[in-house]
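Please open the structure in your viewer and keep the sequence panel beside it, since this tour moves from one selection to the next and says at each stop what is there.

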Amino acid sequence: MASQARGKVTIDINECKGCGLCVAACPPKCLELEDGLNSYGVHPAHYLGVDCTGCGICFYTCPEPGAITVYRMSPPPKAVITTTEERNAPAH
Ligand code: SF4
Ligand code: SF4
């Protein structure tokens, strides 16, 4: 079962210089270099769309300011299980 994504990244392909540092550094290996070329004539990085943890390592590895933006997802609220007695207890 796939785990819920904890993050995602967007890559501005026209800021990317295709160095591949982010691809090598990403722990879950969810980045790759595209087959196509950008306006610099290099293969830009691309997010595969799954498994990003929002760790930010690609952002700190990238030498091009503004090429990568990392988004961290809010965790879903945790279920709280209460007993009937707790529900019926008077509020303090
Ligand atoms: S934030 Fe972390 S997991 Fe997500 S693409 Fe960047 S290096 Fe990979
Ligand atoms: S580290 Fe930055 S410049 Fe290098 S491939 Fe990744 S996004 Fe592009």
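Before the first selection, one definition is needed: a residue is called buried if 20 or more other C-beta atoms lie within 10 Å of its own, exposed if 12 or fewer, and partly exposed in between. Please also keep in mind throughout that this is a predicted model.

**The whole chain**

Begin with the protein chain as a whole, coloured by secondary structure, where you will find three helices and four strands, which follow one another from the N terminus in the order β-α-β-β-α-β-α. Turn the C-alpha trace along its principal axes, and it spans about 70 × 30 × 20 Å. The radius of gyration of the protein chain is 20 Å, whereas a compact globule of 92 residues would have one near 12 Å. Of these 92 residues, 15% count as buried. Among the contacts in the chain with a separation of 6 or more, 61% are made by residues 24 or more positions apart.

**The nonpolar core**

Next, select I11, C22, L31, C58 and I68, which have the most contacts inside the largest nonpolar core, a set of 13 residues. Which residues does C22 touch, if those up to four places away in sequence are not counted? They are L31, A45, C58, T61, C62 and I68, so that a selection of C22 with these partners shows the contacts of one of the core residues named above.

**Ligand 1**

Now select ligand 1 together with the 15 residues around it, of which C26, C52, C55, I57 and C58 come nearest. Strand β1 (7-11) and helix α2 (57-61) are the elements that give two or more residues to this shell. If you colour the shell around ligand 1 by residue class, it divides into 11 nonpolar and four polar residues, with no charged ones.

**Ligand 2**

Move on to ligand 2, which also has 15 residues around it, and pick out C16, C19, C22, A45 and C62, the ones that come nearest. C22, already met in the core, is therefore a useful place to pause, because its contacts include A45 and C62. The shell around ligand 2 is made of 10 nonpolar, three polar and two charged residues.**Two loop residues with positive phi**

Select K29 next, in the loop between α1 (21-25) and β2 (31-33), and look at its backbone, where phi is positive, about 55 degrees, although K29 is not a glycine. K29 counts as exposed, because it has 11 C-beta neighbours inside 10 Å.

From there go to D51, which lies in the loop between β3 (45-47) and α2 and which also has a positive phi, of about 80 degrees, without being a glycine. Is D51 buried, exposed or partly exposed? With 18 other C-beta atoms within 10 Å, D51 is partly exposed, because this count falls short of the 20 that a buried residue needs and is over the 12 that an exposed residue may have. Beyond residues up to four places away in sequence, D51 touches P28 and C30. Measure from D51 to L31 in your viewer, and the C-alpha atoms should be 9.7 Å apart, for two residues that are 20 positions apart in sequence.

**A residue of strand β2**

Select E32, which is found in strand β2 and counts as partly exposed, with 15 C-beta neighbours inside 10 Å. Leaving aside residues up to four places away in sequence, E32 touches V23, H46 and L48. The distance from E32 to A45, C-alpha to C-alpha, is 5.5 Å, although the two are 13 residues apart in sequence.

**Towards the two ends**

For the segment before β1, select R6, which is partly exposed, with 15 other C-beta atoms within 10 Å. Not counting residues up to four places away in sequence, R6 touches T53, G54, R72 and M73. To L37, which is 31 residues from R6 along the chain, the C-alpha separation is 29 Å.

Finish with P75, in the loop between β4 (68-72) and α3 (84-88). P75 is exposed, with 8 other C-beta atoms within 10 Å. As a last distance, draw a line from P75 to P63, 12 residues apart along the chain, whose C-alpha atoms are separated by 30 Å.

Definitions and conventions. Residues numbered from 1 in each chain as written. Chains lettered and ligands numbered in written order. Predicted model: local features only at pLDDT ≥ 70, side-chain atom pairs only at ≥ 80, totals over all residues. Near = placed C-beta within 6 Å. Nonpolar A, V, L, I, M, F, W, Y, C, P; charged D, E, K, R; others polar. Core = buried A, V, L, I, M, F, W, Y, C linked by C-beta atoms within 7 Å. Contact = placed C-beta atoms within 7 Å. Rg over C-alpha atoms; globule rule 2.2 N^0.38 Å.
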